[in-house]
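Open the model in your viewer and keep the selection panel at hand. This tour goes from one selection to the next and says what to look for at each.

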Amino acid sequence: MTQNSITTDNTLTDRFGRRIEYLRISVTDRCDLRCVYCMSEDMKFVPRAQLLTLEEVIRIGRVFTELGVSKIRITGGEPLTRRNIMEVFNQLGSLDALKDFTLTTNGTQLSKYADDLRHAGVDRINISLDTLQEERFSRITRTGKLQRTMDGIDAALAAGFKRIKLNSVILRHRNHDEIIDLVNFAHDRGMDISFIEEMPLGVIGDHDRAEAYISSDEILDILRQQHDLIPTTDTTGGPSRYYRRTDSAARVGFISPHSHNFCEDCNRVRLTAEGRLLLCLGQEHSVDLRRVVRTYPGEDEPLREAIIAAMDIKPRGHDFDLNSQPVILRHMNSTGG
Ligand code: SAM
Ligand code: SF4
């Protein structure tokens, strides 16, 4: 352990002086969809015995909050497909130190879970939606039905979350003609929306990532044909840069790993479903926390030490290149997007 890993006020800090306050937990790498930018058609998933148990996930999450992490996002794969997942939401949601508890989901299970999630203390949720057209939805997700996600969105709106945001990955010639429709759909229902530039994580068979790439600036130009958008300094503690409409409070966010690298302000780390603590989305630096929790089942101190020591190998940033073969072979579903 080095001195810059934890400060005297008990917060995690890396060697570049960045405070780590945000943990994203992937609770499963499995999913009921197969989005073309996220997975290949024949995915091999982690054997269930290698996954962290729900108790282990809760324990690691709690220890992170004791080290100053105040924001946790549950993600996956599709987190709501993991059996008994409400255990994790109920337990972590009751931690006083957790100030911001969020979820990223494809929405297919929200009709079942939205109310329970709200009661468990989840304040905000992100729902992924790339198209409003039924046939396209089936093509982009390979297996999905648009209506299920739409029903999930309605259930989330009725459950009264503080904020719901849609996430859209825009691919040229697949859904780029729906940018304005997606914004109008979100804003008409009081939701924000963020556009994410596709990242080269894992080999996918469906399309050429460089060809399909559309920059956030191009999306912004398209949107400005319809709406007046002004930049804001709003932040939700993640990588989105927000613009606000002049005629309403609704926002459009951009997550731009290629065109506006966000590494300088990185405040987050990721826990994979198998218990690997990933220090960067676009690099392989990691620490095996599953080994630590299984070696020391009743003791938190070794886990605390492993987390603190991990801060020293957090790299400066990613260097994504869409024109070469992916350097990172893990797909987004195992990374925990
Ligand atoms: N299944 C949930 C969902 O789709 O919201 C949570 C996990 S998913 C991996 C989280 C987010 O990552 C989604 O918004 C998805 O669109 C995005 N995503 C997946 N693969 C991506 C990629 N290669 N580049 C950029 N975003 C990606
Ligand atoms: Fe599943 Fe989410 Fe990946 Fe789509 S983006 S395949 S919904 S994990």
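The stops below begin with the ligands and then move through the protein. Keep in mind along the way that this is a predicted model.

**Stop 1: ligand 1**

Select ligand 1 and show the residues around it. There are 19 of them, and those that come nearest are Tyr37, Gly77, Thr105, Ser128 and Met199. By class, this shell holds 6 nonpolar, 9 polar and 4 charged residues.

Now turn to the nitrogen atoms of the ligand. At Met199, a backbone N or O atom sits 2.7 Å from a nitrogen atom of ligand 1. Tyr37 also uses its backbone, with an N or O atom 3.0 Å from a ligand nitrogen. Glu78 instead brings its side chain, where an N or O atom is 3.2 Å from a nitrogen atom of ligand 1.

How much of ligand 1 does the protein bury? On its own the ligand exposes 540 Å², and the protein buries 96% of that. To see which elements give two or more residues to this shell, colour β5 (100–105) and β7 (163–169).

**Stop 2: ligand 2**

Move on to ligand 2. Its surroundings are Cys31, Leu33, Arg34, Cys35, Cys38, Met39, Gly77 and Asn106. Here the shell divides into 5 nonpolar, 2 polar and 1 charged. Gly77 may look familiar: it is listed around ligand 2 and also among the residues that come nearest to ligand 1.

**Stop 3: Thr105**

Go back to Thr105, another residue from the ligand 1 list. Thr105 belongs to strand β5. Is Thr105 buried or exposed? Its relative accessible area is 2%, so Thr105 counts as buried. Follow its side chain to the backbone nitrogen of Gly107, which it reaches at 2.9 Å. Farther along the sequence, Thr105 touches Glu78, Leu80, Leu110, Asn126, Ile127 and Ser128, with residues up to four places away not counted.

**Stop 4: the loop between β7 and α6**

Select Leu171, placed in the loop between β7 and α6 (179–188). With a relative accessible area of 1%, Leu171 is buried. Beyond its neighbours within four places in sequence, its contacts are Val36, Tyr37, His176, Glu198, His207, Ala212 and Ile214. For a distance check, pick the C-alpha atoms of Leu171 and Met191: they are 20 residues apart along the chain and separated by 22 Å.

His173 is found in the loop between β7 and α6 too. At 70% relative accessibility, His173 is exposed. Look at its backbone as well: phi is positive, about 70°, although His173 is not a glycine.

**Stop 5: Arg142**

Arg142 offers another positive phi outside glycine, at about 65°. Find it in the loop between α4 (134–141) and α5 (146–159). Its relative accessible area of 22% makes Arg142 partly exposed.

**Stop 6: the nonpolar core**

Finish inside the protein. The largest nonpolar core has 94 residues, and those with the most contacts inside it are Phe64, Ile74, Phe89, Leu117, Phe195, Leu223 and Leu289. Centre on Leu223 and, leaving out residues up to four places away in sequence, you will find it touching Ile179, Ile180, Val183, Phe195, Leu229, Val252 and Phe254.

Last, select Ile307 in helix α10 (residues 301–310). Ile307 is buried, at 0% relative accessible area. Apart from neighbours within four places, Ile307 is in contact with Leu12, Val63, Phe64, Leu67 and Leu289.

Note on methods. Residues are numbered from 1 along each chain as its sequence is written. Chains are lettered from A and ligands numbered from 1 in the order in which they are written. This is a predicted model: local features need pLDDT of at least 70, side-chain atom pairs count only at pLDDT 80 or more; totals for chains, interfaces and linings use all residues. Side-chain values use heavy atoms; hydrogens and water are left out. A nonpolar core is a set of buried Ala, Val, Leu, Ile, Met, Phe, Trp, Tyr and Cys residues joined through side-chain atoms within 4.5 Å. Buried means under 20% relative accessible area, exposed over 50%, partly exposed in between (1.4 Å probe, protein chains only). Contact means heavy atoms within 4.5 Å. A residue is near a molecule or strand if one of its heavy atoms lies within 4 Å of it. A polar contact is a pair of N or O atoms within 3.5 Å; within protein, one must be able to donate a hydrogen and the other to accept it, and residues adjacent in sequence count only if both atoms are side-chain atoms. Accessible areas come from the Shrake-Rupley method with a 1.4 Å probe; for residues, only the protein chains shown count as cover. Helices (H or I, at least four residues) and strands (E, at least two) are DSSP runs, numbered from the N terminus. Ala, Val, Leu, Ile, Met, Phe, Trp, Tyr, Cys and Pro count as nonpolar, Asp, Glu, Lys and Arg as charged, and the others, Gly among them, as polar.
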